[in-house]
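Visitor: I should like to understand how the terms used for this structure are justified. Could you take me through the reasoning?

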Protein chains: 2
Amino acid sequence: MSKFQSNNQDYFKPENINSFIELIEKEESKKLFNIVKDFHPSEIAYYIQAFSENHRKKFIATLANDFDPSILVELEPNFLEKIIDEFDLIVLSRAINELNSDDAASIINLLDLGRKNKILSKISSKNRISIEDNLSYKENSAGRLMQSEIVKIPIDLNVGHVIDFLRKKKKNLPEVFYDLFVIDSDDILVGTVTLSKVICSSRIKKISQIMKKNHESIHASIDQEEVADIFRKRNLTSLAVVNDKKKLLGVINVDDVVDVIDTEAEEDLLKLAGVGEQSFYGAILSISKARFTWLFFNLIAAFVAAYVIKNFEETIQKFALLAALMPVIASMGGCSGTQSLTTAVRAIAMKQLTWSNAFRSTGKEVLVGFLNGFIFSLGSFIITFFWFDDFKLSFVIAISLLLNLIFGSFFGAFIPIMLSRFGIDPAFASGAFVITLTDIIGFLMFLTLASIYLI
Amino acid sequence: MSKFQSNNQDYFKPENINSFIELIEKEESKKLFNIVKDFHPSEIAYYIQAFSENHRKKFIATLANDFDPSILVELEPNFLEKIIDEFDLIVLSRAINELNSDDAASIINLLDLGRKNKILSKISSKNRISIEDNLSYKENSAGRLMQSEIVKIPIDLNVGHVIDFLRKKKKNLPEVFYDLFVIDSDDILVGTVTLSKVICSSRIKKISQIMKKNHESIHASIDQEEVADIFRKRNLTSLAVVNDKKKLLGVINVDDVVDVIDTEAEEDLLKLAGVGEQSFYGAILSISKARFTWLFFNLIAAFVAAYVIKNFEETIQKFALLAALMPVIASMGGCSGTQSLTTAVRAIAMKQLTWSNAFRSTGKEVLVGFLNGFIFSLGSFIITFFWFDDFKLSFVIAISLLLNLIFGSFFGAFIPIMLSRFGIDPAFASGAFVITLTDIIGFLMFLTLASIYLI
């Protein structure tokens with residue numbers, strides 16, 4: 001049993017899905033509706049994503065007009081894009097009207113032009129403007145991530161004024177907010193103050209006295225990856241977004257940043273594994289397509305390796321055992337390369353590894369490769385010697401293994417650093433790339449040494 | 001230029017480190033101190049981690065008694081553990097006294113027994129009790145993550161009482177807080193209320209009327225990974241931690257959860273790459289040790305593959321070309337396996353892939369493997385045919401490649417699902433594992449088919 005509780009209801013159980021499918025198949029939509037209506041939107045989103053197409057459509061029809069717009073926000077964007085036509089205009093219009101501007105904009109953005117215009121014509125002009133504003137920013141920028149719903153406070157108020165102001169305006173405020181943004185008469189951001197600071201201060205205290213003057217803000221154009229890094233480093237809950245003139249445009253809250261952190265971590269992970277832009281819920285064809293690129297490069301590279309080996313055809317004919325031992329060298333180099341590569345890519349993403357410590361880090365990786373290389377080349381020397389009782393062969397294995405481990409860790413560290421130096425995403429140096437490189441070098445080295453000393 | 005601004009100071013520049021090192025070497029500590037004193041603790045932590053040992057010691061001495069305890073919290077735990085003896089007892093005691101209980105406990109935990117006891121004897125008994133409480137919970141549990149500094153409100157108050165109470169007690173409250181926790185006379189959690197709700201309600205409103213009764217809470221024993229998942233799914237800013245009787249123990253804030261999300265993502269990434277518990281800032285020896293395990297398994301596995309190939313020694317002697325083409329089959333299978341594996345491990349971590357959709361997902365992966373397998377086996381058929389003009393050889397290549405891609409995606413998906421089913425961390429099925437499996441199967445299949453049809 002999970003020990004997370006929402007009052008008495010246990011945190012959600014994915015295995016419930018089977019009983020839901022049963023209800024859907026028995027057409028007992030009323031019963032199903034009563035079960036899920038108290039669920040958190042993210043849980044309902046989970047089930048929608050896990051159902052088969054047929055069950056999903058029936059389930060969405062069950063919720064019909066009681067469909068909570070927040071569920072749309074909780075659906076994975078790629079998935080929502082695929083199924084958005086299953087929702088009727090009433091549900092979507094209500095969603096656009098009720099959601100925060102950033103969420104509303106990301107949903108509008110998925111619709112085809114016809115439905116988009118139909119919905120935009122139905123909503124208030126204030127909402128329309130903030131949605132259009134949002135969409136005018138670059139994808140993955142702070143401007144897209146921010147919501148325009150924000151609590152602005154003129155600098156000349158005192159705490160009492162602010163509390164009275166909030167009580168009076170509560171209908172027009174965001175549902176939850178943590179920080180107040182202090183502006184001057186030109187809408188320029190001049191400070192921030194946390195709600196806890198306001199509530200703990202006496203009514204006559206001036207806002208200008210309790211606000212944080214050395215406040216943080218971010219330009220609307222900067223990339224969401226940098227936004228996440230700032231939240232992470234500064235432990236922020238919200239961050240003001242401004243334009244060139246420092247005019248306050250909106251706010252980014254930490255829950256949106258958590259999504260960004262998840263997405264960025266996933267992207268790095270998938271790229272390293274040579275998986276392109278895919279979604280777990282994607283269609284088979286689009287997943288196959290996303291993975292095609294790296295398989296393609298890998299095939300070309302593998303045939304290059306084959307070409308290298310083919311040049312040693314005679315050597316192998318004379319000493320077929322070499323064919324058996326070749327993969328040992330290649331796979332150990334690949335393993336060492338992948339380890340260094342992954343470490344470097346992650347450290348670059350976390351801004352631990354930069355150009356200023358690039359050489360020191362690469363040096364460290366090479367030393368690590370040498371240390372383990374030494375131990376494992378000794379190990380493989382011993383195994384080979386006892387297996388084949390051939391000193392020269394064991395020696396060639398040991399030397400090639402040591403060198404390939406060192407090469408692996410060098411390339412693994414150096415390639416992402418150089419890519420990042422030239423503004424290329426370091427995670428693009430997928431594992432397949434480094435593995436191929438160590439394969440080719442390993443084969444070449446081993447077979448060359450073998451043809452010199454063993455034949 | 002970065003467009004994040006802390007008032008007029010630009011967001012931090014890692015390349016500044018060179019000018020700092022210069023100042024340190026010129027012994028101009030006063031100048032350096034004046035530069036960094038307005039920096040955010042996380043930035044100072046960055047430089048401390050990036051300096052060489054010698055520069056670091058001098059830099060810490062420069063800050064001396066003005067050392068801001070929050071810097072300790074921003075240092076990476078593995079790194080702090082390594083260098084904690086460089087701080088003197090005065091700095092550490094002050095840190096323990098000023099920091100929140102969770103942070104204080106994690107620092108105390110790094111000290112040797114002698115220094116630990118010296119510090120514990122110097123701090124207030126209230127602080128000592130909350131630190132000891134914290135350390136009594138399992139590592140990586142909600143109990144360790146929570147801070148005992150929390151704002152509790154008796155249920156019978158109204159908004160006016162609460163505001164007066166907060167104003168009076170402000171010295172004893174956490175520096176920043178977002179939610180108030182409503183308790184009954186037995187300290188049992190009965191509801192939560194956001195600060196924004198309190199501040200927007202009139203003074204005579206009863207807390208019991210505005211609080212969220214269907215509130216969330218979590219048991220102190222649950223794992224931090226599940227905590228992160230709840231914050232992620234429910235977009236929480238803080239979450240109450242309770243014991244078996246629902247007595248309120250503390251609160252977990254979202255900034256601590258961001259650290260957990262980063263750590264968990266990093267762990268999965270590093271494990272998949274066969275890198276054990278290492279830190280980017282770790283010593284060469286400890287990094288080498290962390291990577292040793294998978295290199296060791298890889299060496300054993302590579303020799304098993306060598307043993308498989310050795311059984312086909314005669315076949316290879318007769319047809320040495322096979323040795324050149326073997327790695328094509330193996331590496332394509334490994335590539336496909338890694339893609340499926342990574343997708344599955346990430347989906348399990350994000351709770352998208354569970355036992356209830358395990359079979360459907362595995363089926364999908366196999367289909368993806370089949371689709372790409374078909375295309376690439378056709379491709380390799382053509383390449384081989386034009387290269388060697390040998391229909392039978394091209395056919396054997398194509399069939400082995402297709403089968404190995406299908407096997408790769410099957411194992412890649414199935415192994416982590418099964419591991420997770422039996423409670424083993426699925427990321428433990430490192431890429432090296434799947435690659436080895438597809439290597440061995442690929443060699444076996446290709447060489448068997450070759451010895452049947454080509455010799």
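**Reasoning from value to term**

Guide: In this predicted model, the C-alpha centres of domain 2 of chain A and domain 3 of chain A are 52 Å apart.

Visitor: How do you know where the domains of chain A begin and end?

Guide: The bounds are those of a domain assignment, which gives domain 1 as 11-140, domain 2 as 152-254 and domain 3 as 284-453. They are therefore bounds from an automatic or database assignment.

Visitor: Turning to chain B, what makes strand β7 of chain B mostly covered?

Guide: β7(B) spans residues 238-242, and five of its five residues are buried. A residue is called buried if 20 or more other C-beta atoms lie within 10 Å of its own, so each of these five residues reaches that cut-off.

Visitor: Which residues of β7(B) cover each face?

Guide: Ser238(B), Ala240(B) and Val242(B) lie on one side, Leu239(B) and Val241(B) on the other, and all are buried. In a regular strand, side chains alternate between the two faces of the sheet.

Visitor: Why are β6(B) and β7(B) said to pair?

Guide: Two strands pair if DSSP finds at least two bridges between them. Strand β6 of chain B, residues 216-219, shares three bridges with β7(B) in the parallel sense, so the criterion is met. His219(B) stands opposite Val242(B). Between the two strands the chain passes through helix α15 of chain B, residues 224-234, and this β-α-β crossover is right-handed.

Visitor: What makes β8(B) a partner of β7(B) as well?

Guide: Five bridges join β7(B) to β8(B), residues 248-253, in the antiparallel sense; the cut-off is at least two, so these strands pair. Val242(B) has Leu248(B) as its bridge partner, and Ser238(B) has Asn253(B). The two strands form a hairpin with five residues between them, and Lys246(B) in the turn has a positive phi of about 70 degrees. β8(B) is also mostly covered, with six of its six residues buried.

Visitor: Why are β3 and β5 of chain B called edge strands?

Guide: The open sheet has three strands in the order β3-β4-β5 of chain B, with mixed pairing. β3 (152-154) and β5 (189-194) of chain B each pair on one side only, and are the edge strands. The twist averages 35 degrees from one strand to the next.

Visitor: How do you know that β4(B) pairs with β5(B)?

Guide: Five bridges join β4(B), residues 179-183, to β5(B), and the strands run antiparallel. At least two bridges are required, so they pair. Val182(B) stands opposite Gly191(B) in β5(B).

Methods. Residues are numbered from 1 along each chain as its sequence is written. Chains are lettered from A and ligands numbered from 1 in the order in which they are written. This is a predicted model: local features need pLDDT of at least 70, side-chain atom pairs count only at pLDDT 80 or more; totals for chains, interfaces and linings use all residues. A residue is buried if 20 or more other C-beta atoms lie within 10 Å of its own, exposed if 12 or fewer, and partly exposed in between; C-beta atoms are placed from the backbone. Helices (H or I, at least four residues) and strands (E, at least two) are DSSP runs, numbered from the N terminus. A crossover is right-handed if, with the strands pointing away from the viewer, the path from the first strand over the helix to the second runs clockwise. Axes are lines fitted to C-alpha atoms, for helices over the stretch in contact, and angles run from 0 to 180 degrees between N-to-C directions.
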